[in-house]
Structure formats: structure tokens, C-alpha cells
Amino acid sequence: MKRSTLFKRPAAAPLDTGRQGDFGYLQPGEIYLDAACQSLRPKSVIDALTDYYTSYNACGGRVKYAWGQKVDNAVADTRRAVLGLLGLSAKSHAVSFTLNTTYGLNLLLQQLPMGRFDRVVTSHIEHNSVFLPTITAARRLGVERLVLDRAADGALLYDPAQLEKAVVVVNAASNIDGRLLTNLTDLVRDAHARGGIVIIDAAQAMGHARALLQKTEADAVCFSAHKMYGASLGVVVARHELLTSLELGFVGGGMVQDVRESDFDLVQGDPGALLEPGLQAWGEIIALGRAIDWLGSVRPGGLAPAEHIGALSRRLYDGLAEIPGLTLLNTAASPVISLYAPAQDSHRLAVFLSHSTIMVRSGYFCAHHYLKQQLGLPPLLRFSLGLHSTASDIDTATQALARLMKGLS
């Protein structure tokens with residue numbers, strides 16, 4: 001295939017804007033394509049974190065002086081913003097902050113009440129943040145664990161009988177190929193009808209596929225702020241009923257209103273506090289609020305974020321699909337695209353690309369069971385997009401990979 005044909009691009013491409021201002025700290029030629037691990041932070045989010053540390057660096061929830069009151073107000077604003085992002089109400093849901101998605105999932109799964117559930121259900125394409133704690137949760141509860149398949153469009157393939165008194169834990173968007181949990185509504189309805197609950201790993205969905213989760217009836221949604229343009233932070237949005245049913249074994253200050261020699265009283269009226277032992281990451285929580293504000297106003301290249309990411313995803317998929325010697329796992333465009341070259345080592349390719357300041361992920365992306373055991377694949381390369389990405393980034397990266405593949409053949 002001739003080079004001029006190989007890199008022909010659609011005329012209507014997203015404009016290469018956004019480097020100045022929001023992501024102006026990127027150096028010329030730096031191409032970051034690992035947003036599925038953590039997104040870059042826009043300047044306004046960095047400024048919010050810096051402002052906290054330099055202007056009112058106080059504890060929240062514990063003090064009465066002005067700095068602390070400012071922290072409390074800003075944290076409360078972020079909780080409201082998270083609920084607003086998902087279209088949920090504080091009357092039925094609470095927001096808890098933790099270390100990351102993995103930590104939040106473990107806090108829920110390892111404290112579920114004994115005797116209530118008959119099985120734990122998950123899928124083959126899960127990140128280790130889901131796959132591993134569902135193993136230990138099933139062991140702790142003394143119940144069976146079912147690992148189900150997902151369809152090409154991401155739907156969970158299940159028989160409704162399998163959801164009887166089940167704890168269902170699945171991702172809303174895959175970190176391998178971006179496929180979405182397209183039957184989320186049906187899954188939640190069928191699980192609830194049989195006494196089950198549904199906990200969603202939304203780490204990959206919150207950045208660019210939040211529409212799937214709007215007004216969800218799922219019992220809990222866990223995600224990471226650092227995958228949606230905030231600072232490093234985990235978030236759990238859960239129904240009050242689930243939180244108050246937990247058999248708490250992980251406790252600390254912030255969760256209690258009184259302590260005696262051999263007992264304690266949990267805080268009342270704030271179910272979200274039941275997952276927040278100890279001092280919280282106040283600055284990171286405040287920065288998440290700023291990230292949510294930014295997501296509501298940013299227009300890269302004059303486009304809505306979803307349109308911008310969609311156009312770039314198609315451009316990336318088409319560019320990678322045209323390179324000889326590559327095998328793509330994706331069957332359609334997505335902000336997350338994984339591939340491998342049967343004749344080449346993916347880690348070696350990643351290092352070579354890094355020499356050209358092109359940053360992509362190599363390995364199994366914490367999905368070892370599915371990629372290594374079930375599919376029997378070698379380590380892969382993963383390209384993942386963010387709102388800092390541009391058409392120029394994609395063209396440069398695909399051209400560099402094509403030259404590299406040609407030179408190694």
C-alpha cells in the first residue's frame with residue numbers, strides 16, 4: 001500500500017486546539033496516549049489543587065475556623081456535583097471519597113452482609129480491580145462465583161436465573177477495547193427482581209461515556225477522578241440502603257459520633273461517611289469539583305467533548321487498521337484501542353515509540369485473565385485518548401508506528 005494512501009485522512013478533522021491554556025504545559029512533540037490509565041489535568045484543576053495547598057490548607061469536618069469552613073463548603077459542592085453528573089439525588093444516594101476505584105470496590109465487597117447473597121457474578125473482560133475482589137468476596141461470603149461472557153457490544157450475557165440473590169460486579173466500559181455495558185438497565189432490573197444488587201466499575205466510563213450511567217438504578221457506581229481530569233482520587237456513589245447494610249470492619253475517625261472503651265456509635269444521617277475513615281484528601285476532592293465544572297464547559301476544537309473524542313476515536317481506529325502487520329482487538333472505533341503485532345514484542349514497540357516522545361501503554365492492562373489466560377495473547381499495545389488529544393497527535397503516532405513496523409519487517 002502506498003504511503004499517500006495509507007495516511008489519507010478525512011477532510012473534516014478536529015482542530016488541534018487545547019494545547020494552549022488547558023494543557024499548555026505539554027512540550028512540543030509530546031504525545032500522551034495513555035489516558036485510560038490517568039488523564040492529563042487541565043490547568044484549572046491544577047490551579048484548584050494548588051490554591052487549596054497555598055490558601056486554605058485545613059482539615060475538613062473537624063474544625064470551626066474559616067479555612068476549615070471553606071474546605072467543608074467546597075467538599076459539599078463536589079459531592080453535589082458528582083450526583084449532578086450522574087443525575088442522582090442525595091435523598092437516595094451518597095457520595096464517598098476514597099483512594100481509587102479498586103479501593104472503593106473492596107470497601108463495598110469485603111463488607112457485604114453475610115447470609116444475604118447466594119453468588120457473586122462478574123465477567124471475563126474485567127480489570128483486576130473487579131476480578132480480584134470478586135474472588136475474595138465470594139470466598140468470604142462462602143458462595144459460588146460465576147464468570148460470564150460479554151457480547152461484542154459489551155452486553156453481559158446472562159440467564160436471569162443466574163442473578164438470583166447475586167452480587168453483580170461488572171465494568172461499564174472496558175479498559176481493553178472500550179466496549180460498553182449496553183444492557184445495564186436490563187441487568188439492574190433483572191438483578192433487583194431476584195434480590196440481587198449491581199455494583200458498577202465506571203472508571204473508564206466516567207470520562208467519556210457518562211450518558212450510559214445517567215440516572216442509573218445500580219446500587220453503587222465506583223470510579224476514579226484521575227481518569228476524568230481530576231487529581232488522584234476514588235469515588236463511590238451508592239444507595240443509602242446498600243451503605244447502611246454493610247457489616248463494617250474498616251472503621252476510623254470521621255465515621256463515628258462517639259467512642260467508648262469497648263464500643264462506638266456510627267455517625268447518623270450521612271451514609272457516605274461509612275466509607276470514609278480517617279483524614280480525607282481534601283485538596284483532591286476540591287480539584288474533582290473543578291474538573292466536573294471544566295467538563296461542563298470545555299469545547300475542544302469548538303466541539304462538545306463526546307463529539308471531539310468520537311471523531312478522534314474514528315481517526316485513530318482507521319489509522320491503526322491500515323498499518324500492515326498489526327492485529328486490532330477492537331472491532332469498532334473507541335477512545336481505547338488495543339492491538340499487537342504477532343511478529344514483534346509490544347514492550348519493544350512501546351520503547352521505540354517513547355524515543356519519539358509518543359507515550360502508549362504496553363502489557364496486559366490489569367486484565368491478565370482475559371487477555372493472557374482466556375485469549376492466550378502476548379502483551380499488547382494500548383492507545384487511549386483524552387480531551388488533550390488532537391488530530392495531529394493521532395497522525396504523528398500512527399505514522400511513527402507504521403514506519404517502525406516497516407523498519408522491523
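**Entry 1. Strand 6**

I count a residue as buried when its relative accessible area is under 20%. The model I have open is a predicted one.

I started with strand 6, residues 197-201. Ile197, Ile199 and Asp201 point one way from the strand. Val198 and Ile200 point the other way. I found all of these residues buried. In a regular strand the side chains alternate between the two faces of the sheet. With 5 of its 5 residues buried, strand 6 is largely enclosed by the rest of the structure.

Next I looked up the partners of strand 6. Strand 5 runs parallel to strand 6, and 5 bridges pair them. In that pairing, Asn171 has Asp201 as its bridge partner. Strand 7, residues 220-224, is also parallel to strand 6, with 3 bridges between them. There I see Ile200 opposite Val221.

**Entry 2. The sheet around strand 6**

I traced the whole sheet. It is open and has 7 strands, in the order 2-8-7-6-5-3-4, with mixed pairing. Strand 2 (93-98) and strand 4 (144-148) are the edges. Each has a single partner strand, so one side of each lacks a neighbour in the sheet. From one strand to the next the twist averages 15°.

At the strand 2 edge I checked the pairing with strand 8, residues 234-239. These two are antiparallel, over 6 bridges. Val95 has Val237 of strand 8 as its bridge partner.

Then I looked at what covers the sheet. Helix 6 (184-193) packs on it and touches strand 5 (166-171) and strand 6. The directions of helix 6 and strand 6 make an angle of about 150°. I also noted the connection: strand 5, helix 6 and strand 6 form a β-α-β unit, and it is right-handed.

**Entry 3. Arg150**

I wanted to know where Arg150 sits. Arg150 is in the loop between strand 4 and strand 5. Is Arg150 buried or exposed? Its relative accessibility is 8%, so I log Arg150 as buried.

I then looked for polar partners of the Arg150 side chain. The side chain reaches the backbone oxygen of Gly154 at 2.6 Å. A polar atom of the same side chain lies 3.0 Å from the backbone oxygen of Asn171. Asn171 is the residue I had already noted as the bridge partner of Asp201.

Leaving out residues up to four places away in sequence, I listed what Arg150 touches. The list includes Ser123, Ile125 and Glu126. Also among the contacts are Ala155, Leu156, Leu157 and Val170. Arg179, Leu180 and Leu181 are on the list too.

**Entry 4. The 4-strand sheet**

I moved to another open sheet, made of 4 strands in the order 11-12-15-14. Its pairing is antiparallel. Strand 11 (327-328) and strand 14 (361-363) are at the edges, each with a single partner, so one side of each has no neighbour in the sheet. Strand 11 joins strand 12 (336-340) through 2 bridges. Leu328 has Leu339 of strand 12 as its bridge partner. Helix 11 (346-355) lies across strands 12, 14 and 15, at about 45° to strand 15 (380-384).

**Entry 5. Helix 3**

I checked the length of helix 3, residues 66-86. Its 21 residues should span 30 Å at 1.5 Å a residue, and the end C-alpha atoms are 31 Å apart, which agrees. Buried residues in helix 3 include Val71, Ala74, Val75, Thr78 and Val82. An α-helix has 3.6 residues a turn, so residues three or four places apart point the same way.

What do the buried residues of helix 3 pack against? I found helix 2 (43-55), helix 7 (205-208) and helix 9 (282-297), along with strands 2, 7 and 8. Just after helix 3 comes Gly87, with a positive phi near 70°.

**Entry 6. Helix 13**

Last, I looked at helix 13, residues 391-408. It has 18 residues and reaches 26 Å from first C-alpha to last, close to the expected 26 Å. Its buried residues include Ala391, Asp393, Ile394, Leu401 and Met405. Ser392 lies in helix 13 but is partly exposed, at 32% relative accessible area. I also followed Ser392 to Gly29, 363 residues apart along the chain. Their C-alpha atoms are separated by 9.9 Å.

Terms used
Residues numbered from 1 in each chain as written. Predicted model: local features only at pLDDT ≥ 70, side-chain atom pairs only at ≥ 80, totals over all residues. Heavy atoms only, no water. Pairing = 2+ DSSP bridges. Axes fitted to C-alpha atoms, helices over the stretch in contact; angles between N-to-C directions. Contact = heavy atoms within 4.5 Å. Buried < 20%, exposed > 50% of the residue type's maximum accessible area, 1.4 Å probe, protein only. Polar contact = N/O pair within 3.5 Å; in protein donor to acceptor, adjacent residues only side chain to side chain. Expected span 1.5 Å × (residues − 1). Right-handed = clockwise from strand over helix to strand, strands pointing away.
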